[in-house]
Amino acid sequence: MVAPLEFMLLLSVAVGGGEPDAEATRRLERRVVAISAAEPLVGRGEAIEDELKALRLMPQRRTFQSAGGEGANLLAEVPPAANGTPVRTLMVGAHLDRVEAGTGAVDNAAGCAAVLELLGRFQAKPLKHHRVVGLWFDQEEQGLLGSRAFAEAVGEPDTEGAAATFPDLFVNIDVFAYGDTLWVHHPDETDRAAAEKFVAGTADRGERAEPFPAVVGAVYPPSDHRSFAARRRGAEPGSAAAKMTVLSLSLLPKEQILETVTFLEAMEGGARPARAGLPKVLALIHTANDTPSAVQPADAVAGIDAVEAGLRALDAAAGGDTDAPE
Ligand SMILES: [Zn+2]
């Protein structure tokens, strides 16, 4: 039960477009610092659990065994609104682990904080047609192992709680810390329509807003969305797994997105550039420079505002709402 005053405070951060909310910006920064500062690495999960408890959301820890040893994914479900449980499921995930170098702030404490922020907003103002599950994956940096363990167990008969059913929509968030442009990746052609509807929906951020600047594309670095796309590829046609929509989101300056696309295309063509030839963002992550000072909290909050609007548009469209954006 949420006390009325707290409910009003939650609502106050959820409304409005335009300038990023100062309180949301401070909250994002505080969460990035808390997750980044956590030592040893298991402390990152504990920092996220503390944030979930502060939101009155119940963290669920799912341990797993992989080639990388024992790991622990985290889940939290936003309780449905009083007027019933939606039939669809939206899962929003970010990896919580990091590499040795630096403190994993851009990659990916900021993404973890973005998922926390989105959960808080969907708790304050629930989606109409999707229940919302937040996911924080372990062992991404060891080869997407945590998300693979999760994606292989989700929807299986003996899986309980928030992971009992496949998501209709899985959205991965990785490297979401600075810049003014959303990078919206659709792993498959079947995901492209959702990616485009999502971007169109980002215009719904208050008075006369334009769609948030975005680059939509099929070329993108490896991240946890691949575990869901792989599970979908192996699925029985027509099954819930086969019907999933999968997207991945980053926030960066537009030129850094474009230079990373060029770089990845060159890599696919067999090029092996030296570290000096890396795109700016790839030269930052996985180094000692990836600390909270590399994060621009106001940029991240503006990006989260856009993601929230885009996801609300996908929710409205899935329900066939008449006011759904085209
Ligand atoms: Zn990452």
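In this predicted model, the second largest pocket has a volume of about 430 Å³. Its lining is made up of 22 residues. Pro221, Pro222, Leu282, Ile285 and His286 lie closest to the pocket centre. Four elements each give two or more residues to this lining: strand 5 (169-176), strand 8 (245-252), helix 8 (254-268) and helix 9 (280-284). By residue type, the lining of the second largest pocket holds 12 nonpolar, 5 polar and 5 charged residues.

The zinc ion is held by protein donors from His95 (NE2), Asp107 (OD) and Asp174 (OD), with Asp174 (OD) listed twice. These donors lie 1.9 to 2.5 Å from the zinc ion. Around the ion, the 4 donor atoms subtend angles of 53 to 149°. The arrangement is therefore irregular, since a tetrahedral site needs all angles between 85 and 135 degrees. Along the sequence, the spacing of the donor residues is H-x11-D-x66-D. Distant parts of the chain are linked here: histidine 95 belongs to strand 3 (residues 88-95) and aspartate 174 to strand 5, 79 residues apart. Histidine 95 and aspartate 174 are both buried.

Charged pairs were examined next. Side chains of opposite charge can pair when their charged atoms come close. The structure contains 17 salt bridges. One of them joins arginine 27 and glutamate 23, at 4.0 Å from N to O. These two residues are about one helical turn apart, because they sit 4 residues apart in helix 2 (residues 22-37). Arginine 27 counts as buried, at 14% relative accessibility. Glutamate 23 reaches 40% and so counts as partly exposed.

A salt bridge also connects arginine 192 with glutamate 196, at 3.8 Å from N to O. Both residues lie in helix 6 (residues 192-201), 4 residues and about one turn apart. Arginine 192 has a relative accessible area of 31%, so it is partly exposed. Glutamate 196 is partly exposed as well, at 41% relative accessibility.

In helix 10 (residues 297-318), glutamate 308 and arginine 312 are 4 residues apart, which means a separation of about one helical turn. Their salt bridge brings the closest N and O atoms to 3.0 Å. Both glutamate 308 and arginine 312 are buried.

Salt bridges also link residues into a network. Its members are Glu23, Arg27, Arg30, Arg31, Glu51, Glu117, Arg121, Asp305, Glu308 and Arg312. The network thus includes the helix 2 pair, Glu23 and Arg27, and the helix 10 pair, Glu308 and Arg312.

Terms used: Residues are numbered from 1 along each chain as its sequence is written. This is a predicted model: local features need pLDDT of at least 70, side-chain atom pairs count only at pLDDT 80 or more; totals for chains, interfaces and linings use all residues. Side-chain values use heavy atoms; hydrogens and water are left out. On a 1 Å grid over the protein atoms alone, a cavity is a set of points where a 1.4 Å probe fits but cannot get out, and a pocket is an open set with protein on both sides within 12 Å along at least five of seven lines; lining residues have an atom within 4 Å of a point. Grid points are joined across faces, edges and corners, and a volume is the space filled by probe spheres set on the points. Ala, Val, Leu, Ile, Met, Phe, Trp, Tyr, Cys and Pro count as nonpolar, Asp, Glu, Lys and Arg as charged, and the others, Gly among them, as polar. Donors are N, O and S atoms within 2.8 Å of the metal (3.2 Å for Na, K and Ca); water is not among the atoms, so sites may look incomplete. Four donors count as tetrahedral if all angles lie between 85 and 135 degrees; four count as square planar and six as octahedral if opposite donors are over 155 degrees apart and all others between 65 and 115; anything else is irregular. Buried means under 20% relative accessible area, exposed over 50%, partly exposed in between (1.4 Å probe, protein chains only). A salt bridge is a side-chain nitrogen of Lys or Arg within 4 Å of a carboxyl oxygen of Asp or Glu.
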